[in-house]
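Please open the model in your viewer and keep the selection tool at hand. The stops below say what to select next and what is there.

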Amino acid sequence: MNPFHRRLRPLTIAVAAVLTLGACAQWRPGLHAEGEQQPPPAAAQKPVEAPVANLDAESGPELPKQELTSDLLYAFLLAEIAAQRGQGAVSAQTYADLALRTRDPRIARRALDIAVAARSPDLAIQAAQVWLEADPNSLEARRRLAALLLATQRLDEARPHLEHLLAAGAVDKGEAFTQLARLIAGNPDREESLRVVRELAAAYPDVPEAHFAVAHVAGQAGQFDLALQEIRAALRLRPDWEMGVLLEAQLLQKSQGNEAARARLAEFLAANPRALDIRLNYARLLVAERQYEEARGEFEALLRDNPLNSDALYAAALLSLQLKDYGAAERYLKRLLELNYRDRDTVALYLGQIAEEQKRYDEALDWYEDITGGEHYLQAKTRQAHVMAKKGDLDGARRFLQQIKAPSNQQRVQLILAEAHLLRDAGHYKEAFDVISRGLEKLPNDPDLLYDHAMMAEKLDRLDVLEASLRKLIRLYPEHPHAYNALGYSFADRNIRLPEARKLIEKAHQLAPDDAFILDSMGWVLFRQGEYEAALKYLERAYALRQDAEIAAHLGEVLWVLGRRDEARRIWSEARRVAPDNEALLKTIQRLQP
């Protein structure tokens, strides 16, 4: 039937990174002077040792004269002990007060680091401001203050600091603009972000990264013409810049669609065939367009130059599975195991499914048994039971499922449905119905149990139970598209209550407009109502999305009625090669061409 990441996270990671504009890999260069070694992240810096014992010994800015009073010493000790004990808020506030009292740049710097670790951006900004006021020539203080202001979306306050750093040559301009575009991305006021970046970039027309930053922010603001104009200006200055090409393709995808983006990447690949990131993104666009064979070819081209690239191996394996090229999929997956792929259980699960699909049941069991825990454990166990049933031991498969301990209701439901599906696949519909009914006694409002209860009722021709279960599901979960679809399709397939069926399916289509099965239902109810041409459009779209045997049966029947019988036979022949035993397909063919 057609129905269906250390305590510092999250703020410290974000803020610690932007304090130096380079404390993590993504922002590595930061707003640092060209050739300057980057300081470690705040959380990794060595704590200040005896900060008040030698306050006037530091060279550099003129430091304030401090008397080491008992109150001051007490405050330092309190702040440091609190930091060591994980009391970040106490330490941050105490150090912030010390920075204001002493106006000492060293103490202000320490206060900044502690505030970051305590996830207190306001105290961090206050400390950075004290540091810069105490030492106006400190480029690091200005960089870190600018980055904090950017991270907290105070763009106009950050701008004069950025202008100072850029004009003084205190930072690498290209790297600074590249990072500025990313740092500013979190500002919900896109127009303000664009204004600030454009005003900063206007003074540097020969810096490609300045154009990149404008393009990036303009794209976020939905100004695609400006964004494309700016990224192309950047690429005229630096034609072989992969990051720039990727941004151009991204902008084209958003404004003109996948085909325009794919054409731009293909053009660059023709001249730069070893551009790894470009090829990866080109292949992903092919996947998005369901051009699986072509996408696999791109990943295979990547593997010829990068045979140890596990991501490309994994993608090629999944595409081979999609294409039902099980031999190639198996080779890629086993190669991943040889390379000690990080997710062995996922690979084992796929290898088990390949062996199962090819009726190598003992081998499939070995792969499933190899998964002894983790997120795939329950799925592996249910597949193991299915293999046992396929080998003829249905009772043993049921006992195997019943002895698995399920710590959550969600897992209990999975086991109930796995047992019911074993019985359904064996044709024991009444027993499958009873298994789900017993599950509903304990979990009466579970959506999966309600849905499958209706599906088993359909197998028993219990339309009353089917309708009651699906209407309860709709009442409890009114945004559940497949509940509407299943009920509407049940009416349409029986050629009854067609206006009601159509309304139900239209609601499902509104909730899930690109679902192939719902498109199939829409086509089928239109066919039942005699709207053949309209039905054909929905069914053709459904079949293009999913080459399912039942969709093929419906599409073929509409073509047949429209007199396009050769096309109908071709569709049916294609479907029979993939699903030779599909009951709905066989019945349709026998009825129309006995």
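The tour starts with confidence, then visits two helices, a single leucine and several salt bridges.

**Before selecting anything**

This is a predicted model, in which local features need pLDDT of at least 70 and side-chain atom pairs count only at pLDDT 80 or more, while totals for chains, interfaces and linings use all residues. Residues are numbered from 1 along each chain as its sequence is written, and side-chain values use heavy atoms, with hydrogens and water left out.

Colour the chain by pLDDT, the predictor's confidence in each residue on a scale from 0 to 100. The chain has a mean of 84, and 87% of its residues reach 70 or more. Now select residues 1–59, where pLDDT stays under 50 and for which the model has 136 contacts beyond four places in sequence; a contact means heavy atoms within 4.5 Å.

**Helix α15**

Select residues 292–305, which form helix α15; helices here are DSSP runs (H or I, at least four residues) numbered from the N terminus. The 14 residues of α15 reach 21 Å from the first C-alpha to the last, close to the 20 Å expected, the expected span being 1.5 Å times one less than the number of residues. Among the buried residues of α15 are Tyr292, Phe299 and Leu302, where buried means under 20% relative accessible area, exposed over 50% and partly exposed in between, with a 1.4 Å probe and protein chains only. Show α13 (258–271), α14 (276–288), α16 (310–322) and α17 (326–338) as well, since the buried residues of α15 pack against these helices.

**Leucine 276**

Next select leucine 276, which has its place in helix α14 and is partly exposed, with a relative accessible area of 28%. Not counting residues up to four places away in sequence, leucine 276 touches Glu242, Leu302, Asn306 and Asn309. The C-alpha atoms of leucine 276 and glutamate 242 are separated by 9.2 Å, although the two residues are 34 places apart along the chain.

**Helix α24**

Move on to residues 447–459, helix α24, whose end C-alpha atoms are 19 Å apart, in agreement with the 18 Å that its 13 residues should span. How many of the 13 residues of α24 are buried? Eleven are, so the helix is largely enclosed by the rest of the structure. The buried residues of α24 pack against α22 (409–425), α23 (429–442), α25 (463–476) and α26 (481–493). At the N-terminal end of α24, aspartate 446 acts as a cap, with a side-chain oxygen 3.0 Å from the backbone nitrogen of aspartate 448. After α24 comes aspartate 461, whose phi is positive, near 60°.

**Salt bridges**

The structure holds 46 salt bridges, each a side-chain nitrogen of Lys or Arg within 4 Å of a carboxyl oxygen of Asp or Glu. Select arginine 262 and glutamate 289, whose closest N and O atoms are 2.7 Å apart in one such bridge. This pair links distant parts of the chain, with arginine 262 in helix α13 and glutamate 289 in the loop between α14 and α15, 27 residues apart. Arginine 262 counts as buried at 19% relative accessibility, whereas glutamate 289 counts as partly exposed at 24%.

Finish with arginine 569 and aspartate 566, whose side chains meet in a salt bridge (3.1 Å, N to O). These residues are separated by about one helical turn because they are three residues apart in helix α31 (residues 565–578). Arginine 569 is partly exposed, with a relative accessible area of 38%, and aspartate 566 counts as exposed at 61%.

Terms used:
Helices (H or I, at least four residues) and strands (E, at least two) are DSSP runs, numbered from the N terminus. A polar contact is a pair of N or O atoms within 3.5 Å; within protein, one must be able to donate a hydrogen and the other to accept it, and residues adjacent in sequence count only if both atoms are side-chain atoms.
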